[in-house]
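These are my notebook entries on what I looked up, starting from the axis that relates the two chains and going on to where they touch.

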Number of protein chains: 2
Amino acid sequence: MTSPRFDVVAIGNAIVDVLAQADDAFLAQEGMTKGSMQLMFSPEDADALYAKMGPGQEVSGGSAANTVAGIAALGGTCGFIGQVADDELGQIFAHDICSLGIHFDTPARAGDPTTARCLIFVTPDGQRTMNTFLGASQFLPESALDLDLIADGAILYLEGYLWDPEEPRAAMRAAIEVARKAGRKVAFTLSDIFCISRHGDDFRALIADGLIDILFANENELLALAETEDWQVAVDRIAPQVPTLVATRSEKGAMAVRDGKHVSVEAEPIDRVVDTTGAGDLFAAGFLHGQAQGHDLETSLRMGAICAGEIISHVGARPQCDMKALIARKLG
Amino acid sequence: MTSPRFDVVAIGNAIVDVLAQADDAFLAQEGMTKGSMQLMFSPEDADALYAKMGPGQEVSGGSAANTVAGIAALGGTCGFIGQVADDELGQIFAHDICSLGIHFDTPARAGDPTTARCLIFVTPDGQRTMNTFLGASQFLPESALDLDLIADGAILYLEGYLWDPEEPRAAMRAAIEVARKAGRKVAFTLSDIFCISRHGDDFRALIADGLIDILFANENELLALAETEDWQVAVDRIAPQVPTLVATRSEKGAMAVRDGKHVSVEAEPIDRVVDTTGAGDLFAAGFLHGQAQGHDLETSLRMGAICAGEIISHVGARPQCDMKALIARKLG
């Protein structure tokens, strides 16, 4: 087994986020569940909701893409696989990810639909509520996978969100096989509680089959996966099934379990939560980079918490400061 | 003369800003003058510079457009005239301005070039350095002017930036005539020191001909317009030629002269300058809204300073908070 060229290779939705302020009344009126991700299936639905949205900011997004953007900003080496269309938003996505030094060469898809957009409503409490039009992203075919790239990543990182559309789901299953054959680790994030309602059985089977080495979940996701309302029961039920379980709990901090050893850290204190978009994604970035650097569980969790703290202090899910310096300063 | 429906109708470049972090070494290497605006004349030049740029944030921009966006956020009524192309960035620009309740119906232009983009490099000191590809924006024809809209604005607001391309320059001259015939006021911002090197004679002629009622300038622009290096000389030379002169001086505050009366205010204290993009535009917004609300010169200047203070505390040149509440709180 040769030494991998990349710390992390991720497969995920290739999305441009459109972020705008909204109030709770607007969410209620539109029937949105605060903090969740809802799919929009037609461009007409996406356009109709966009028309009701306030002035926006466009920032490249996508859960796993945010994570590799974070790792690259920390100095790690990454690759990304995801489907954009041959349009302006697709060019923006590709520019942003390549400009971070991330290896990205999934060919753009010609014709309709457009590059994926996620309309994100940020409420005054900083919480984000997402409405995703998957567009081209849902057509990532298995044939677009760069198998050499996958085999060349120490960790293959997958997002649960991409389990929804059929083609990428098949592509991810194939990618897991390639990674495992190459002796690489597979990390998986559960992404969203509604993803678990739709695909919980698939996720539980992946875990039971021993295909996941590092599982990322937030509190609600872990409860949903374990089918319980008791946090301790959830941890006790899932932790023995994965080599490493990492769970984030918003302001309650984060914890990890490996070989029966439980470690937790507090949330990073910040002045004001501006926009929680990308908090989980950047937590994963900090944690994975910590692991790649050979840090222990606790330091890796701390690095995750620091990255999450940076991302929620501004609008958008991609880092806006010198992350290497931030980590160095905070870890002391 | 009927009462106008709009507080301000603006004509300006219809631009989407792409903002990214950069360091001083990068500006030097690319031969950029910090704080200025430089034009890129070909899409190839724009693409080449974009390729060197870090990950970006896209936010609707354009100087006069930012100003009406600010006035609308403050509760004023506005119209905007500017040329976008029939592409995704054009849709973003139109969405953002319309979602603020601003009257905007300039038809999108088919075919090449694309909607204007401004590549903005933000240095660690918060200063912004701009590189504009004017794209479709430079082809705003006189025929696209909505004459009824212009006649229906208490103030016609024009940006000096738009004086560069030939078609919009002719359109602005025509618009000034329409506004004056309708008994409206004309406000003009000098925009940029390099605009004055290119078009100073035109600007001086507009002023000498009595076509400008409210002139906005920053310190360097006023010095360049007056062709002096002495601030007091510049003020004494220009103020008598315009009914209202408004000059901003960054951290030194702002001043206005009307009927020989000089009024000044201090800059708004802020925690950290994140990005100065749009500071002058939003100053104009606060000032013009103050005037529309019947406030005196000093209060109008204060409102300008408060709006400028908000915009430089985050990335992007469009307001991100409840501006009405901010003004109410700060004015007490």
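Which residue of chain A comes closest to the rotation axis? I kept in mind that this is a predicted model, and I found that A:Glu58 comes closest, with its C-alpha at 2.4 Å from the axis.

Next I looked up the rotation itself: chain A is superposed on chain B by a turn of 180° with 0.0 Å of shift along the axis, at an RMSD of 0.0 Å. I noted that this is the relation of a two-fold axis. Both copies use the same surface, since 100% of the contact residues of chain A recur in chain B.

I then turned to the contact between the chains, where 22 residues of chain A meet 22 residues of chain B. On the side of chain A that touches chain B, strand E4 (57-60) and helix H4 (88-98) each supply at least two residues, and H4(A) gives the most, with five residues. By kind, I recorded nine nonpolar, eight polar and five charged residues on that side.

For strand E4 of chain A I also looked up the pairing, and I found that E4(A) and strand E4 (residues 57-60) of chain B run in the antiparallel sense over three bridges. Within these strands, A:Gln57 stands opposite B:Val59 in E4(B).

Last, I looked at chain A as a whole, which has 12 helices and 14 strands. Its radius of gyration is 18 Å, close to the 20 Å that the globule rule gives for 332 residues, so chain A is as compact as a globular protein of that length. I also wrote down that 57% of the 332 residues of chain A count as buried.

Methods. Residues numbered from 1 in each chain as written. Chains lettered and ligands numbered in written order. Predicted model: local features only at pLDDT ≥ 70, side-chain atom pairs only at ≥ 80, totals over all residues. Helix = DSSP H or I, 4+ residues; strand = E, 2+ residues; numbered from the N terminus. Rg over C-alpha atoms; globule rule 2.2 N^0.38 Å. Buried ≥ 20, exposed ≤ 12 C-beta atoms within 10 Å, placed from the backbone. Least-squares fit on C-alpha atoms with pLDDT ≥ 70 in both. Contact = placed C-beta atoms within 7 Å. Nonpolar A, V, L, I, M, F, W, Y, C, P; charged D, E, K, R; others polar. Pairing = 2+ DSSP bridges.
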